[in-house]
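Visitor: Please give me a close look at a single part of this model. Take the backbone and its surroundings before moving on to anything else.

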Amino acid sequence: MPDDLPESLLRALLPELAEAVANAAAPGLQEIRLRVGQPVRLRQAAGEAALPLLWSKSRQDRQLMRLLDNSVYAYEEQLKQGFITLPGGHRVGLVGEAWYDEGRFGGLRDICSLNVRVARQVLGAAAPFLPWVVQKGRVLRSLFAAPPGVGKTTLLRDLVRQLSEGSAGLPPLNIGVADERMELGAVVNGEPQLDLGGRTDIISACNKARAVEILLRSMGPQLVVTDEIGSAEDAAALLGALNAGVGVLASAHAASYAELLARPHLGELAAGFFERVIFLARRGGAIVPAAVYDGRGERLL
Amino acid sequence: MIKLCGAAAVLLACLGGFGELRRAMLLRVRELAGWLAALHILQTEMAFGALPLGRLCGVITARAPAAAAEFFQRLAEGLTAGEELALAWRELLAAGAAGEHLLLEDMAALDELGAGLGASGLTQQKRLLALSEERLRGLMAEAEGRYARLERLLAALGWSSGLLLVCLAL
């Protein structure tokens with residue numbers, strides 16, 4: 001069993017799956033894919049691997065009830081969003097058949113695929129980014145962009161942790177995190193599963209616009225952080241933070257600056273609101289800045 | 001005198017038997033009342049606290065009357081050990097953990113509750129709990145009725161036996 005395989009993850013799995021994963025997983029496990037009628041597949045640093053364990057509907061149902069603490073009602077809202085967060089911060093995406101209640105989306109049933117994403121905190125991941133984000137004693141409004149899977153959330157998490165504790169010559173900051181997808185702090189039963197520093201307040205599973213409004217009104221943050229922005233409401237919420245004199249860090253899906261500018265709302269934010277737009281890349285397993293733009297669109301790196 | 005002693009012995013034996021029956025019926029009523037209290041906690045905590053069952057079992061253990069509390073404590077232990085809820089519930093019922101004095105019809109109602117508990121959204125769970133509550137209330141009303149009838153019968157037997165003893169003594 002690899003040393004970096006979290007015990008909290010194995011506890012959430014059916015005994016036969018936990019055993020198969022522990023026996024077959026290589027270091028750097030990222031995802032466990034459970035599809036009914038297919039063998040279990042692992043995505044890890046070394047590539048994909050299929051386990052000699054056929055995933056039946058009965059196993060899927062038992063696994064789902066285990067993930068849900070035998071309490072579907074307690075996770076109804078998360079199920080509607082298509083994911084649940086586990087102790088340890090691991091996130092399970094799920095799809096199945098949608099059902100509707102009087103024409104409104106009611107949730108998912110007959111779940112046929114689960115994607116268990118392994119949460120790992122990479123302490124120090126933000127170090128190469130701090131000089132770009134902190135200048136002249138303040139945190140610049142910064143957007144971190146990359147395609148999925150590069151490490152935007154991991155980076156934001158570590159940035160929050162470091163800035164919350166005091167870093168790059170800055171005193172410790174009170175930070176408000178709008179964690180709509182429950183990935184940054186992964187709060188379970190009111191307890192953050194991942195370390196976001198000692199001066200961080202997290203509002204979970206709430207849409208970003210409402211979350212930022214609540215944070216500004218009730219927690220008096222010096223910095224607001226949110227993940228994966230993109231809608232008009234997100235843009236309005238961030239402008240609200242700017243009007244309140246609060247710094248902003250955010251992330252978005254985009255592979256290039258041109259792609260970012262072409263996106264509605266995001267393009268406007270990138271061109272005028274953010275003082276830094278930083279593209280991420282993976283090199284040798286580490287997250288590094290691949291390109292950095294200032295607020296006028298000039299490339300600095 | 002011998003007749004009097006014999007009659008008294010028979011009477012005492014009958015009283016012992018009836019007393020035991022009366023006690024069992026009273027305890028069944030109490031156990032059903034305990035389950036109704038547990039159901040009430042389940043309903044309120046599910047609706048307002050959205051607590052998962054593992055934690056809900058802890059709340060019921062702390063607040064419900066004895067038999068139901070012990071059942072949920074053992075259920076919580078099973079869930080913590082990774083057992084499946086429906087299976088753990090059925091095993092506890094089979095082991096008599098729901099209450100020593102419950103009858104087969106009470107167990108059937110609880111079995112149906114266990115089969116659906118936690119397995120659906122809040123609206124369905126509320127329906128399941130309301131249905132179970134209705135069934136248990138019906139069973140409890142019937143148990144209370146039986147108990148009241150037994151009480152009346154015992155009172156009548158007590159008076160008539162007393163009269164018999166007086167007659168024999170005279």
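Guide: Met182(A) is found in the loop of chain A that lies between β10 and β11, the latter being residues 187-188. The model is predicted, and what follows should be read as a description of that prediction. The phi angle of Met182(A) is near 60 degrees, a positive value in a residue other than glycine. Met182(A) has a relative accessible area of 6%, so the residue counts as buried, the cut-off being under 20%.

The strand on one side of this loop is β10(A), residues 175-179. The strand is mostly covered, with 5 of its 5 residues buried. Ile175(A), Val177(A) and Asp179(A) point one way from β10(A), while Gly176(A) and Ala178(A) point the other way. Both sets are buried.

The pairing of β10(A) involves two strands of chain A, taken here in turn. With β13(A), residues 200-204, the strand shares 5 bridges, and the two run parallel. Within that pairing, Ile175(A) has Thr200(A) as its bridge partner. With β14(A), residues 223-226, β10(A) shares 4 bridges, and this pair also runs parallel. Here the bridge partner of Ala178(A) is Thr226(A).

A second positive phi in chain A belongs beside Met182(A). Lys136(A) has a phi near 50 degrees, again a positive value in a residue other than glycine. Lys136(A) lies in the loop between β7 (134-135) and β8 (138-139) of chain A. Its relative accessible area is 86%, which means that Lys136(A) counts as exposed, the cut-off being over 50%. Met182(A), by contrast, is buried.

Ala98(A) offers an intermediate case. Ala98(A) sits in strand β5 of chain A, residues 91-101. At 31% relative accessibility, Ala98(A) counts as partly exposed because the value falls between the cut-offs of 20% and 50%. Leaving aside neighbours within four places in sequence, Ala98(A) is in contact with Phe105(A), Gly107(A) and Leu108(A). The C-alpha atoms of Ala98(A) and Lys80(A), which are 18 residues apart along the chain, are separated by 9.1 Å.

Chain A also meets chain B. The contact takes 12 residues from chain A and 19 residues from chain B. Between the two chains, about 1,100 Å² is buried, and carbon and sulfur atoms give 53% of that area. On the side of chain B, Pro52(B), Glu84(B) and Gly118(B) lose the most area to chain A, together 33% of what that side buries.

Glu84(B) appears again in the list of salt bridges. The rule finds 1 salt bridge across the interface. Arg62(A) forms a salt bridge with Glu84(B), with the closest N and O atoms 3.4 Å apart. Across the interface of chain B and chain A there are also 8 residue pairs in polar contact. On the side of chain B that touches chain A, the elements giving two or more residues are α2 (53-63) and α6 (122-169) of chain B. The largest share of that side, 3 residues, comes from α2(B). By residue type, the side of chain B that touches chain A divides into 11 nonpolar, 5 polar and 3 charged residues.

Terms used: Residues are numbered from 1 along each chain as its sequence is written. Chains are lettered from A and ligands numbered from 1 in the order in which they are written. This is a predicted model: local features need pLDDT of at least 70, side-chain atom pairs count only at pLDDT 80 or more; totals for chains, interfaces and linings use all residues. Side-chain values use heavy atoms; hydrogens and water are left out. Contact means heavy atoms within 4.5 Å. Buried area is the accessible area (1.4 Å probe) that two parts lose on being put together, summed over both. A salt bridge is a side-chain nitrogen of Lys or Arg within 4 Å of a carboxyl oxygen of Asp or Glu. A polar contact is a pair of N or O atoms within 3.5 Å; within protein, one must be able to donate a hydrogen and the other to accept it, and residues adjacent in sequence count only if both atoms are side-chain atoms. Ala, Val, Leu, Ile, Met, Phe, Trp, Tyr, Cys and Pro count as nonpolar, Asp, Glu, Lys and Arg as charged, and the others, Gly among them, as polar. Buried means under 20% relative accessible area, exposed over 50%, partly exposed in between (1.4 Å probe, protein chains only). Two strands pair if DSSP finds at least two bridges between them.
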